[in-house]
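Reader: I am new to this structure and should like to learn how to read its features. May we take them one at a time?

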Amino acid sequence: MTAVEHDADVIVVGAGPGGSATAYHLARHGVRVLLLEKTEFPREKVCGDGLTPRAVRQLVRMGVDTSPEAGWLHNRGLRVIGGGVRLELDWPELASFPNYGLVRTRLDFDDLLAQRAVAAGAKLRTNVNVLGPVLDGDGRVTGVEAEVGPGKEPATFHAPLVVAADGVSGRFPLALGLAKREDRPIGVAVRRYYHSPVKHDDDYLESWLELRSKDSGDKLLPGYGWIFGLGDGRVNVGLGVLNSSSAFGKTNYRRLLTDWLANTPVDWGMTDEANADGPILGAALPMGFNRVPHYTRGVMLVGDSGGMVNPFNGEGIAYAMESGELAAEVAVQALARPAGPERERALMAYPNELKARLGGYYRLGGIFVKLIGRPEIMRIATKHGMPHPTLMRFVLKLLANLTDPRGGDAMDRVINAMTKAAPAV
């Protein structure tokens with residue numbers, strides 16, 4: 001048998017936040033990393049652009065300067081609007097997480113993270129469209145087939161380990177037969193940028209639990225909404241609908257967004273089409289581990305590729321970066337062992353640890369998604385829950401997954417106990 005010449009120790013498919021975090025942490029440990037991205041930077045992605053303290057922690061772990069001077073808009077917490085109540089909840093003071101969130105557009109956010117990976121030693125190649133895996137005689141992945149450059153020249157890259165961080169589409173795991181699980185939650189989100197002199201420099205992320213149309217009287221629209229100031233004269237405005245809602249898949253989401261915004265104050269700037277900056281764009285939100293297994297046959301799934309969006313709040317970036325760091329840690333240990341059963345044993349630590357960290361929490365999130373998909377339950381929850389700030393602070397910690405694992409307050413202990421008691425997904 002002819003020996004295969006490896007182009008890297010690990011190939012990472014996709015240079016989004018998950019892929020770049022994986023590449024950074026691998027390179028930091030001296031691993032030869034090839035990071036393949038199908039587009040060129042800078043490039044746009046459909047996202048709310050808001051980062052909770054959970055994501056900020058991962059940026060700090062990558063050595064990113066998150067100061068306002070470095071172009072980041074800081075926020076103090078979450079403003080929740082629903083049930084006739086408007087409540088501002090500051091991010092909790094914790095040992096495990098910083099007490100501030102951030103906003104930055106994906107246009108330069110992803111580029112910044114990819115450059116952090118390059119600075120750590122990863123080799124980044126853009127305009128490389130990965131088509132699928134290279135398999136050995138045992139069905140194990142030993143590399144990737146790709147098209148390179150504008151001419152779409154065929155190319156093959158080899159490595160003993162591949163990380164699929166190719167996002168919602170998950171084309172790479174799909175090529176291995178890893179389809180999405182239909183019994184796990186999924187959402188659809190649409191967003192648009194608007195020029196807004198009033199809302200652009202808000203120091204709270206704004207979450208709308210109830211959406212109402214200007215023309216529908218008191219009738220609730222399906223879904224939840226957000227308005228995140230970008231600090232540059234613009235806001236990111238969007239809404240999401242979950243598959244537990246009867247409106248999922250049956251609604252014109254772009255029309256839904258404009259119907260809601262037509263009911264916002266005129267001075268916010270979102271009722272006038274002239275203030276729009278670009279089209280309305282949409283994307284799926286793969287939640288609660290809706291693609292498994294997260295390791296198989298030489299491939300590790302990271303971020304959206306493995307369905308790691310938080311079902312409670314739709315946050316994906318923090319979990320993409322966290323899973324990328326974990327994948328890197330496991331890969332470093334595995335690659336130090338000889339190929340074969342010993343290495344495979346080490347690699348299985350990745351799905352096992354993911355399940356231990358997030359499995360119970362995501363199980364609770366799946367229950368939450370089913371409940372809020374019923375308008376009558378959502379109406380009762382907002383009406384009776386919103387007027388109680390202490391309860392809402394508990395809800396914020398739960399939804400944003402922000403607790404201290406040890407030594408926290410009573411709320412932390414209750415949430416941690418709930419996630420441990422819940423059977424892992």
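Reader: Leaving aside its neighbours within four places in sequence, which residues is Asn401 in contact with?

Author: Please bear in mind that this is a predicted model. Beyond those sequence neighbours, Asn401 is in contact with Arg54, Phe97, Asn310, Tyr319, Leu358 and Tyr361.

Reader: Where is the place of Asn401, and is Asn401 buried or exposed?

Author: Asn401 is found in the loop between helix 10 (389–400) and helix 11 (410–421). A residue counts as buried under 20% relative accessible area. Asn401 has a relative accessible area of 11%, so Asn401 is buried.

Reader: How are helix 10 and helix 11 oriented to each other?

Author: Two packed helices are described by the angle between their axes and the distance between the axes. Here, helix 10 and helix 11 pack at an angle of about 45 degrees, and their axes are 10 Å apart. The two helices, 10 and 11, are therefore oblique to each other. Their crossing is right-handed.

Reader: Which residues of helix 10 and helix 11 meet?

Author: From helix 10, Thr390, Arg393, Phe394, Lys397 and Leu398 meet Met411, Asp412, Val414, Ile415 and Met418 of helix 11. By class, this contact has 6 nonpolar, 1 polar and 3 charged residues.

Reader: Let us turn to the strands. In which sense do strand 5 and strand 6 pair, parallel or antiparallel?

Author: Strand 5 (residues 77–82) pairs with strand 6 (residues 85–90) in the antiparallel sense, over 6 bridges. Opposite Ile81 stands Arg86 in strand 6. Strand 5 and strand 6 form a hairpin with 2 residues between them. In the turn, Gly83 has a positive phi of about 60 degrees.

Technical notes. Residues are numbered from 1 along each chain as its sequence is written. This is a predicted model: local features need pLDDT of at least 70, side-chain atom pairs count only at pLDDT 80 or more; totals for chains, interfaces and linings use all residues. Side-chain values use heavy atoms; hydrogens and water are left out. Helices (H or I, at least four residues) and strands (E, at least two) are DSSP runs, numbered from the N terminus. Buried means under 20% relative accessible area, exposed over 50%, partly exposed in between (1.4 Å probe, protein chains only). Contact means heavy atoms within 4.5 Å. Axes are lines fitted to C-alpha atoms, for helices over the stretch in contact, and angles run from 0 to 180 degrees between N-to-C directions. Angles under 35 degrees count as roughly parallel, over 145 as roughly antiparallel, 65 to 115 as roughly perpendicular and the rest as oblique. A crossing is left-handed if the near helix is turned anticlockwise from the far one by less than a right angle, and right-handed if clockwise. Ala, Val, Leu, Ile, Met, Phe, Trp, Tyr, Cys and Pro count as nonpolar, Asp, Glu, Lys and Arg as charged, and the others, Gly among them, as polar. Two strands pair if DSSP finds at least two bridges between them.
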